[in-house]
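This report describes the fold of one protein chain, with attention to a mixed sheet and the aromatic pairs. Please consult the sequence and the structure alongside the text.

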Amino acid sequence: MKSKIHEHKKNNYKLVLKTISLLLLISIFGACQKKEVPSKKEIVKDAHSFSNPAEAVAKHLDLDIKVDFDTQTISGKASWQIDNILKGNEIIFDENTLNITKVTLGDDEKETKFELGAAVEFHGKPLRITIEPNTTKVNIYYSTTKESIALQWLKSEQTADKKQPFVFSQGQSIWSRTWIPCQDSPSVRFTYNAKVTVPKELMALMSAVNPQQKNDTGIYTFKQDKAIPSYLMAIAVGDVEFKSIDKRTGVYAEHSVIDSAKWEFAQLGDMVVAAEKLFGPYRWGRYDVIVLPPSFPFGGMENPNLTFLTPTVLAGDRSLTSLLAHELGHSWSGNLVTNATWDDIWMNEGFTTYVEHRIGEEVFGVKEAKMQDVLSRKVLEGSIADLGKDSPDTKLKANTTGKNPDDALSDIPYEKGYAFLQTIEAAVGRKKFDAFITEYFKAHSFQSITTEDFVTYFNKNLIKGDKALADKIKLDEWIYKPGVPSNVTNPVSEEFSTIDNIQKTWRKTGVKGLSQKIKSTNEKQHFIDYLPKDLTVEEMTALDKEFNFTNGGNFVIRRQWFIMAIQHQYKFAYPAIETFLTSYSRTYSLTPLYKEMVKTPEGKAWAKQIYAKAKSGYHATTVVEVEKLVK
């Protein structure tokens, strides 16, 4: 989460690195062309990693592990091919709550010394390994512990089918080090192969080329020949099936979910085609998704080749599949071009939110896109209001020094980043901006870059010395200053304008027939969001009878309606609210409800009661966020 440039120990250090980088580029160019590896550039010091990649860096992982549900551990060997750049005697990895048993060097497995440094909150400990100047391989024998934040172990009753256990990982931001010893920084990219042994009745999947059916050995092998950062290392093991959507897309899910998931995601292939049409070829081969059990803490996670998804996206009417467009968009912004530090997270999420909206417009139409724009702007305005327009936390370039990097994952990098890119598009025109973004992705493919790298590229390739254009865009204000600059665009939706007019009259004309005028998920959300602040319980009862908000609708509609129900003490909805809060672990969809509940003493007592029931099914990240509110 910090983007300070590495301070060199010697005056000629930059010259040495540049010379070495040039030699490495030449050797990479002549090497096997199948692997997509990043070009060498000046190495950024990531303050959220103990590693020393400017001196010795991990390049490729061969992972051999066993998944044990009885002990809830993963154990085995992580063999890292390294580049000992400065020919020193030490390489440093990140680890957190792991049990390191032995470290060896090379194919002949010569045992070597290792030590763990002092623990740092959120970050774990540095794993310091003694190497030799000519060392090219380090083998780390280890096992995970039950304290691993990245791994969520589920009993059979916590799954959809309730027949077999399940485990999945969540590495972002700095949690991959809790299940694999690694140089856990987005600035370090590597390829990997893996051998994973699991119970024979289960299937293993990773962020790589995946099997499409179970085998009878319980041993699965994986290959990721595209260089990725550690936070995109992912694993899922469960009783899942696969169904194809088209020649390069498909879905994994438990048996009871697979058919509905395939139907819900029928447009997945169309989304990939639309994205390619806009921003260049999809570089990862297959694009599949897996629907995880309800304890998955996010809407989605963009693990390469296999997006992890919450089951809450299965609305039954394909109304929430815009989430897919966002995770797919990360295949360009985030996975292909990655933030070098967590201070630069807006470059992942802001660009991806822009790509998501553009894919949505291409697949679902302009009217849908305009409604989504208005909803996005409302989220941004709400975040600015909550944080304060002068808060440093509203800057795009974050400063998370000394903090948990996850703290940078507010709505600001998503929605302010999106608004910034919309402003650029408005200033230069869509055609020119599309060409710029496409070339930007191409020029930085399989690289991790900083905000400053982007600014340099932006000024060189888009501004090109045009002061009037630079003044019109106000890049520095958007990136480095709090709040939202005055040149922000104002999205407008005719559909929402119609609903705004309905809001002015429905109290006089009555609610009967409104559900025939307000039909789509976006329209219903907008209607709920702008209901009168002095709404009565009687009016909520009438609206609920007309729309069936409490017991019908999809996840997003229920979430928004339940916020209103808590605010206005609409007690008819309370049982449904409790079921909602105990059935899922989608962190940032649950916390708005808890925030409303704790505003009153009665509500806080209720929130604590529900949380006590729900905690065992929540992901660790959800537990952290909810406990901030209820304690």
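Two strands are said to pair if DSSP finds at least two bridges between them. Helices (H or I, at least four residues) and strands (E, at least two) are DSSP runs, numbered from the N terminus. The structure is a predicted model, in which local features need pLDDT of at least 70 and side-chain atom pairs count only at pLDDT 80 or more, while totals for chains, interfaces and linings use all residues. Residues are numbered from 1 along each chain as its sequence is written, and side-chain values use heavy atoms, with hydrogens and water left out.

## Overall architecture

The protein chain contains 20 helices and 21 strands. Its radius of gyration, taken over C-alpha atoms, is 25 Å, close to the 25 Å that the globule rule gives for 631 residues, so the chain is as compact as a globular protein of that length. The globule rule is 2.2 Å times the number of residues to the power 0.38. Along the principal axes, the C-alpha trace of the protein chain spans about 80 × 65 × 50 Å.

Of the 631 residues in the protein chain, 57% are buried. Buried here denotes under 20% relative accessible area, exposed over 50%, and partly exposed the range in between (1.4 Å probe, protein chains only). The protein chain exposes about 26,300 Å², of which carbon and sulfur atoms supply 52%; accessible areas come from the Shrake-Rupley method with a 1.4 Å probe. Contact means heavy atoms within 4.5 Å. Among contacts in the protein chain with a separation of 6 or more, residues 24 or more positions apart account for 73%.

## The five-stranded sheet

An open sheet of five strands follows the order S15-S16-S17-S19-S18, and its pairing is mixed. Its edge strands, S15 (240–246) and S18 (300–301), each pair on one side only. The table lists three pairings within this sheet.

| Strands | Sense | Bridges | Opposite residues |
|---|---|---|---|
| S15 and S16 (residues 249–254) | antiparallel | six bridges | Phe242 and Tyr252 |
| S16 and S17 | parallel | four bridges | Tyr252 and Ile290 |
| S17 and S19 (residues 306–309) | parallel | four bridges | Ile290 and Phe308 |

Strand S17 is mostly covered, with five of its five residues buried. Both faces of S17 are covered: Tyr287, Val289 and Val291 lie on one side, Asp288 and Ile290 on the other, and all are buried.

Two helices accompany these strands. Helix H2 (residues 255–264) lies across S15, S16 and S17 (287–291), running at about 150° to S16. Helix H3 (residues 268–279) packs on the sheet and touches S15, S16 and S17, its direction making about 140° with that of S16. For these angles, axes are lines fitted to C-alpha atoms, for helices over the stretch in contact, and the values run from 0 to 180 degrees between N-to-C directions.

## Aromatic pairs

Rings of Phe, Tyr and Trp (its six-membered ring) pair if their centres lie within 6.5 Å; planes under 30 degrees apart count as stacked, over 60 as edge-to-face and the rest as tilted. By this rule the count comes to 43 aromatic pairs. One of them joins Phe242 and Tyr252 in a tilted arrangement, at 4.8 Å centre to centre and 50° between the planes. This pair links distant parts of the chain, with Phe242 in strand S15 and Tyr252 in strand S16, 10 residues apart. Phe242 and Tyr252 are both buried.

Phe351 and Tyr440 form a stacked pair, with 5.1 Å centre to centre and 20° between the planes. Here too the pair links distant parts of the chain: Phe351 belongs to helix H5 (residues 345–364) and Tyr440 to helix H8 (residues 430–443), 89 residues apart. Phe351 is buried, as is Tyr440.

## Strand S7 and its partners

Elsewhere, strand S3 (residues 90–95) and strand S7 (residues 125–130) run antiparallel and are joined by six bridges. Ile92 has Arg128 in S7 as its bridge partner. Strand S6 (residues 114–116) also runs antiparallel to S7, through three bridges, and Glu115 stands opposite Arg128 in S7.

## The loop at Pro165

Pro165 lies in the loop between strand S9 (151–154) and strand S10 (166–169). Pro165 is partly exposed, with a relative accessible area of 23%. Leaving aside neighbours within four places in sequence, Pro165 is in contact with Phe69, Leu154, Lys155, Ser156, Leu202, Val237 and Gly238. Pro165 and Ala150, 15 residues apart in sequence, are 17 Å apart in space, C-alpha to C-alpha.
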